[in-house]
Amino acid sequence: MPIGGKKQSPVAVELEEAVVVSEVSGREWDVSGAWNRMFESRVLTDYSYAKGLGKIAQLDGGESLEYCYGCGKCVPVCPVDLVSEYGPRKIHRKVQTGLDLFSADELWMCTTCGNCLRVCPKGVNMIEIMPAVREVSVGDAKVPDELQGIFEKTFRYGNALGENPRRRHAWTKGASVPVRVLSSDPTPVDVLFYVEDYWSYHPRGQQAAQAFSRTMTRLGVDFAILGAEEKTVGDSQRLAGEKGLFDALVEDVTATLGKYEFQRIVTPDPHAFNALVKEYPKRGFTYDVLHYTQLLSPLIEKMNFVNSIDKKVTFHDPCYLGRHNGEYDAPRRLLKAIPGIDLVEMGRCKENSYCCGGGGGGMWLDGFNSNHLSERLSERRVREAAGTGAEILAVCCPYEVSRFEDAAKSTGNEHLRVVDIAELLDEALGGVETI
Amino acid sequence: MKIIVGMRQLADLVEELEVADSEVDIDRDFVKFVSNEWDEAALEEALLIKEAVGGEVVVVALDEPDVDQTLYSAIAKGADRAVKIVGVEEGWTPTRLRAQLLAKWLESEGSWDAFFTGVQAADDLDGQLAGLVGATLGVPHAAVVSKAEPEGSSLRITQELGGGTLAESIATGKVVLGVQAGRQAPRYAPITRIRQAMSTSSIEMFEAPEVDLGPGPKVRKIYPPQSKGQATMLDGDPVEVAEKIVELIRAKGLVR
Ligand code: SF4
Ligand code: SF4
């Protein structure tokens with residue numbers, strides 16, 4: 001079955017005549033209809049276990065694909081299946097019947113969103129299987145071109161956008177509040193604001209970084225950034241299979257962090273948050289880490305709102321904040337605290353939230369995957385958001401503003417404003433004007 | 001087949017380049033250096049040949065900023081050895097000097113079959129490296145090569161000539177090529193393999209000998225392009241436009 005495009009419509013099959021003769025009684029049965037391999041020996045013996053599921057099971061992290069017993073719970077919750085043919089069950093079956101996942105396009109389609117793992121009774125874990133298989137393919141240099149460019153840029157510059165590392169804190173100029181850079185003032189600090197790539201360089205991300213800095217200043221939070229010394233934490237590169245790159249980044253990032261005294265790390269990027277909470281400790285580096293919504297939500301009492309945002313707002317849960325790390329409340333508490341906001345939920349929210357398509361390397365594979373998807377995941381999600389009647393789609397992951405803004409345009413939903421919660425808070429607290 | 005690939009480091013263009021106080025070079029203190037993309041194409045072509053017929057690929061470069069990363073990446077991609085020519089004065093290296101130094105090393109290396117390098121580089125102000133190396137060594141040279149395929153012990157070479165014309169020729173014996181593009185995009189060097197190369201292989205050093213460059217052009221001043229004036233669009237049919245152009249050229253005293 002080819003992957004890609006729309007869902008497959010049924011195919012008309014010409015009926016064949018078939019007669020089965022009993023070897024015992026000699027009696028004949030007419031079983032005319034489509035010939036079915038059910039009448040033959042089991043097909044699985046036609047395929048090599050060692051070259052398929054067996055090869056994957058041997059990988060560190062690849063063990064669980066063969067646990068699948070085909071119950072099918074995972075497929076309807078898989079966001080990729082909704083716009084294509086995907087899901088662990090389908091991948092399991094394809095590998096079982098001869099697909100070489102190591103060189104198949106399917107290898108790059110999983111966003112590691114984690115929704116299948118949530119429902120799978122057998123613990124088939126795509127979040128481990130995919131990076132493990134991808135790592136082998138990356139080692140054999142079988143990487144989609146788009147992704148190869150991202151890996152090279154990340155290795156060279158420490159950010160996925162290939163931007164000049166020395167311009168990492170250029171955004172601070174427009175913050176209207178002083179933002180301390182640790183390399184020029186290395187005294188101890190409470191909050192180390194780990195800005196990450198898209199808030200550092202993407203124009204819309206920079207606006208959110210500026211807004212968040214203003215809010216922290218208003219609330220009297222003592223914070224500082226690493227500036228030019230900051231490199232990406234590298235979680236999406238890891239999930240996309242470049243483990244060597246991730247290892248190199250862990251060394252650099254932890255060496256830089258080791259130079260300064262801080263109480264906690266606060267990051268806007270759920271992917272960085274995920275790695276700092278789950279992957280860095282495995283390598284012996286443990287920090288007190290918060291997503292920025294977790295830093296701010298206990299401080300709501302101290303917020304002095306001066307503007308009301310009288311809008312219907314819906315919220316997209318980032319996979320790596322919600323499903324992967326269980327935080328659904330902090331962003332919602334902040335949104336509900338803003339005067340005027342009418343928060344409406346989408347059908348798929350919280351544990352069952354849809355995926356923007358940016359995780360696990362998907363951020364950098366839109367071109368490659370477009371051959372196989374009837375529409376982008378971000379487009380699907382934007383239509384869902386627009387369907388609630390919301391005027392604002394609130395987000396709190398730096399990947400999402402650019403993804404959803406593009407999708408809003410391409411789906412004709414320009415009226416839907418995509419805004420980071422950090423920006424909404426800043427607006428309600430008075431914005432640049434009152435700082 | 002033993003192929004030598006010459007590689008160069010160039011200022012990374014994501015940086016904002018600034019002119020140094022000397023006014024004859026860019027300010028090198030704060031720029032990052034990356035390998036020349038045409039050299040990467042040359043390396044890819046060499047690796048493809050090695051994969052097809054066996055042999056050896058050796059990369060060689062002058063000791064320039066961040067060159068180790070380029071050389072180790074080349075090893076990670078499949079090069080067998082890496083050589084660094086050390087003791088060269090820091091700063092911009094004229095292409096003629098680079099050619100002389102590479103030629104000296106190529107002579108000391110003894111036997112080899114082909115020398116590939118990028119057909120151009122962004123800082124190539126005074127000549128094409130491949131042509132100069134070929135001339136210095138008295139080895140045949142071909143420029144703007146888009147394909148070099150092994151044929152027995154020779155190479156079948158495809159070159160781009162002007163106006164979309166392609167030329168094919170067979171190089172028997174030693175040859176120097178300026179490579180424009182490889183048959184495929186440069187391959188990926190997995191970071192794990194680059195790191196492995198760093199810990200398991202080493203870069204050979206070659207002390208740069210004295211060379212006499214002789215007369216040649218000298219950089220007097222480097223400055224950012226000054227924008228002045230505007231483009232003027234000429235209307236009319238081709239004959240009228242041509243006449244207007246001739247008039248303009250005359251008026252500006254460019255021809256008499
Ligand atoms: S939910 Fe688990 S066991 Fe069921 S089909 Fe999916 S992967 Fe297989
Ligand atoms: S992790 Fe998400 S995208 Fe990947 S197979 Fe599971 S549900 Fe689908």
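## Ligand surroundings in chain A

A residue is taken to surround a ligand if one of its heavy atoms lies within 4 Å of that molecule. In this predicted model, ligand 1 has 13 residues around it, the closest being Cys68(A), Cys71(A), Gly72(A), Cys74(A) and Cys120(A). By character, the shell of ligand 1 consists of 8 nonpolar, 2 polar and 3 charged residues.

The surroundings of ligand 2 include the cysteines Cys78(A), Cys110(A), Cys113(A) and Cys116(A). Pro79(A), Val80(A), Tyr86(A), Pro88(A) and Met126(A) also belong to the shell of ligand 2, as do Thr111(A), Thr112(A) and Gly114(A). This shell divides into 9 nonpolar and 3 polar residues, with no charged residue.

## The open sheet of chain A

Chain A holds an open sheet of 5 strands, arranged in the order S3-S5-S4-S6-S7 with parallel pairing. Its edges are strand S3 (180-181) and strand S7 (289-291), each of which pairs on one side only. In general, the strands of a sheet are joined through backbone hydrogen bonds, in either a parallel or an antiparallel sense.

Strand S6 of chain A, residues 262-267, is joined to the edge strand S7(A) by 3 bridges in the parallel sense. Within this pairing, Ile265(A) is positioned opposite Val289(A) of S7(A).

## Paired strands in chain B

In chain B, strand S4 (residues 56-62) pairs in the parallel sense with S5(B) over 5 bridges. Strand S1 (residues 2-7) of the same chain pairs with S4(B), also in the parallel sense, over 6 bridges. Residues facing one another across these pairings can be named: Lys2(B) stands opposite Glu56(B) in S4(B), Val58(B) opposite Arg81(B) in S5(B), and Val60(B) opposite Val83(B) in S5(B).

Burial is extensive in S4(B) and S5(B). Because 6 of the 7 residues of S4(B) are buried, this strand is largely enclosed by the rest of the structure. Strand S5 of chain B, spanning residues 81-86, is mostly covered, with 5 of its 6 residues buried.

## A nonpolar surface patch in chain B

Six side chains of chain B, namely Leu234(B), Ile245(B), Leu248(B), Ile249(B), Leu254(B) and Val255(B), make up a nonpolar patch on the surface. Together they present about 490 Å² of accessible area.

One member of the patch, Ile245(B), lies in helix H6 of chain B, which covers residues 238-251. The relative accessibility of Ile245(B) is 39%, so this residue counts as partly exposed; that class lies between buried, under 20%, and exposed, over 50%.

Key: Residues are numbered from 1 along each chain as its sequence is written. Chains are lettered from A and ligands numbered from 1 in the order in which they are written. This is a predicted model: local features need pLDDT of at least 70, side-chain atom pairs count only at pLDDT 80 or more; totals for chains, interfaces and linings use all residues. Side-chain values use heavy atoms; hydrogens and water are left out. Patches are made of residues with over 30% relative accessible area and no salt bridge: like charges are joined within 9 Å, nonpolar side chains (Val, Leu, Ile, Met, Phe, Trp, Tyr) within 5 Å. Accessible areas come from the Shrake-Rupley method with a 1.4 Å probe; for residues, only the protein chains shown count as cover. A salt bridge is a side-chain nitrogen of Lys or Arg within 4 Å of a carboxyl oxygen of Asp or Glu. Helices (H or I, at least four residues) and strands (E, at least two) are DSSP runs, numbered from the N terminus. Buried means under 20% relative accessible area, exposed over 50%, partly exposed in between (1.4 Å probe, protein chains only). Ala, Val, Leu, Ile, Met, Phe, Trp, Tyr, Cys and Pro count as nonpolar, Asp, Glu, Lys and Arg as charged, and the others, Gly among them, as polar. Two strands pair if DSSP finds at least two bridges between them.
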